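Me: I would like a close look at a single part of this protein, with its surroundings described carefully and in connected prose. Please take one residue and build the picture outwards from there.

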Amino acid sequence: MGAAYKIFGKNVQPHVLAITTLATVIGGTAFALSGPKKAENPVATATPAAATAGSNSDDIDVEKLLGDFLKEESK
């Protein structure tokens, strides 16, 4: 029958260990990526203060945000 590993007193075939490892990794990854449910009202979620300061529209000025960020980083 071939080589087997003895785990907790039971003989376990190598292919069973491989299948169990793959299933555990795939299942754990799927669980981790599922994350929390998204909020019903996306407007009520927290937005960066710099993105909303001084603007009345819902648009975010990405160039201004990047410029400000780079200025802070270069200090």
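Reply: In this predicted model, Phe-8 sits in the loop that joins strand E1 (5-7) to strand E2 (10-12). Is Phe-8 buried or exposed in that loop? Its relative accessible area is 86%, and because the cut-off for the exposed class is over 50%, Phe-8 counts as exposed.

The backbone at this position also deserves attention, since Phe-8 has a positive phi of about 50° although it is not a glycine. As a general matter, most residues other than glycine have a negative phi.

Phe-8 is also part of a nonpolar patch on the surface, which it forms with Tyr-5 and Ile-7, and the accessible area of these residues together is about 400 Å². Tyr-5 and Ile-7 carry the numbers that begin and end strand E1 (5-7), while Phe-8 itself belongs to the loop between E1 and E2, so that the patch can be followed from the strand into the loop.

For the wider setting, the protein chain has 3 helices and 2 strands, and read along the sequence these follow the pattern β-β-α-α-α. Of the 75 residues in the protein chain, buried residues make up 3%. The accessible surface of the protein chain comes to about 7200 Å², and 64% of that surface belongs to carbon and sulfur atoms.

How values were computed:
Residues numbered from 1 in each chain as written. Predicted model: local features only at pLDDT ≥ 70, side-chain atom pairs only at ≥ 80, totals over all residues. Heavy atoms only, no water. Helix = DSSP H or I, 4+ residues; strand = E, 2+ residues; numbered from the N terminus. Buried < 20%, exposed > 50% of the residue type's maximum accessible area, 1.4 Å probe, protein only. Areas by Shrake-Rupley, 256 points an atom, 1.4 Å probe, with all protein chains shown as cover. Patch = residues over 30% accessible without salt bridge, like charges linked within 9 Å, V, L, I, M, F, W, Y side chains within 5 Å. Salt bridge = Lys/Arg side-chain N within 4 Å of Asp/Glu carboxyl O.
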